[in-house]
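The exercises below lead a newcomer through a single chain, with a worked solution after each task. Please keep the sequence and the view of the structure at hand while reading.

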Amino acid sequence: MEISSIIGAIVIGIVIGVLGRLVVPGRQRIGVVLTIIVGIVAALLGSAIAAAFGVADTKGPDWIEWFIQIALAAVGVAALDRARARR
């Protein structure tokens, strides 16, 4: 994996994490670092899922891939928020 790929994954992860956090209603009790980590994981998993379904590379914007990534990030943020709330 090249350094540009790692930096790209981090930047995309930040965007995906923030968008996923905006989708979840209410106040979340997780920090910025956890949001970024959730976003990076969601971006990587979402890309893999989109590639498995054959919708990762299209002629235009990859809206389906973005939707999958944001949905995964929202689920991750909500799960971490509930885990934090139980403490």
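**Exercise 1. Compare the expected span of helix α3 with the distance between its end C-alpha atoms, and then find which of its residues are buried and what they pack against.**

Solution. The model is a predicted one, and the values used here are computed from it. The first step is to take the 23 residues of α3 at 1.5 Å a residue, which gives an expected span of 33 Å. The next step is to look at the end C-alpha atoms of α3, which are 33 Å apart, so the two values agree. For the buried residues, the cut-off is a relative accessible area under 20%. In α3 the buried residues are Glu65, Ile68, Gln69, Ile70, Ala73, Ala74, Val77 and Asp81, and these pack against α1 and α2.

**Exercise 2. Describe the chain as a whole: which elements does it hold, and how does its radius of gyration compare with the globule rule?**

Solution. Counting the elements gives three helices and zero strands, and from the N terminus on they run α-α-α. The radius of gyration of the chain is 13 Å, close to the 12 Å that the globule rule gives for 87 residues, so the chain is as compact as a globular protein of that length. Taken along the principal axes, the C-alpha atoms fill a box of roughly 45 × 25 × 20 Å. Of the 87 residues, 28% count as buried, while the accessible surface comes to about 5,900 Å², with 71% of it belonging to carbon and sulfur atoms. Among contacts with a separation of 6 or more, 66% are made by residues 24 or more positions apart.

**Exercise 3. Examine α1: where around its axis do the buried residues fall?**

Solution. Begin with the length of the helix: the 21 residues of α1 should span 30 Å at 1.5 Å a residue, and the end C-alpha atoms are 30 Å apart, in agreement with that expectation. The buried residues of α1 are Gly13, Ile16, Gly17 and Gly20. Seen down the axis of α1, these residues fall within an arc of 110°, so they line one face of the helix. What covers them includes α2 and α3.

**Exercise 4. Do the same for α2, and state which residues lie exposed on its other side.**

Solution. Helix α2 takes in residues 32-53, and its 22 residues should span 32 Å at 1.5 Å a residue; the end C-alpha atoms are 31 Å apart, which agrees. Its buried residues are Thr35, Val38, Gly39, Ala42, Ala43, Gly46 and Ala50. They cover an arc of only 145° around the axis, which puts them on the same side of α2. Val33 and Ala52, by contrast, are exposed on the other side of α2. The cover over the buried residues of α2 includes α1 (3-23) and α3 (63-85). Just after α2, glycine 54 takes a positive phi of about 80°.

**Exercise 5. Why does threonine 35 count as buried, and which polar atoms lie around its side chain?**

Solution. Threonine 35 is placed in helix α2, and it counts as buried because its relative accessibility is 4%, where the cut-off is under 20%. Its side chain makes a polar contact of 2.7 Å with the side chain of arginine 21, and a polar atom of the threonine 35 side chain also lies 2.8 Å from the backbone oxygen of glycine 31. Leaving aside neighbours within four places in sequence, threonine 35 is in contact with Gly17, Val18, Arg21 and Ile30.

**Exercise 6. Set two glutamines side by side, glutamine 69 and glutamine 28, and say where each is found and what each touches.**

Solution. Glutamine 69 is found in helix α3, and with a relative accessible area of 4% this residue is buried. Not counting residues up to four places away in sequence, glutamine 69 touches Ile16, Ala42, Ala43, Gly46 and Ser47. Glutamine 28 is found in the loop between α1 and α2, and its relative accessible area of 8% makes it buried as well. With residues up to four places away again left out, glutamine 28 touches Arg21, Val77 and Asp81, and a polar contact of 3.4 Å joins its side chain to that of arginine 21. Glutamine 28 and glycine 13 are 15 residues apart along the chain, and their C-alpha atoms are separated by 18 Å.

Conventions
Residues are numbered from 1 along each chain as its sequence is written. This is a predicted model: local features need pLDDT of at least 70, side-chain atom pairs count only at pLDDT 80 or more; totals for chains, interfaces and linings use all residues. Side-chain values use heavy atoms; hydrogens and water are left out. Helices (H or I, at least four residues) and strands (E, at least two) are DSSP runs, numbered from the N terminus. The expected span of a helix is 1.5 Å times one less than its number of residues. Buried means under 20% relative accessible area, exposed over 50%, partly exposed in between (1.4 Å probe, protein chains only). The arc is that of the directions from the helix axis to the C-beta atoms. Contact means heavy atoms within 4.5 Å. A polar contact is a pair of N or O atoms within 3.5 Å; within protein, one must be able to donate a hydrogen and the other to accept it, and residues adjacent in sequence count only if both atoms are side-chain atoms. The radius of gyration is taken over C-alpha atoms; the globule rule is 2.2 Å times the number of residues to the power 0.38. Accessible areas come from the Shrake-Rupley method with a 1.4 Å probe; for residues, only the protein chains shown count as cover.
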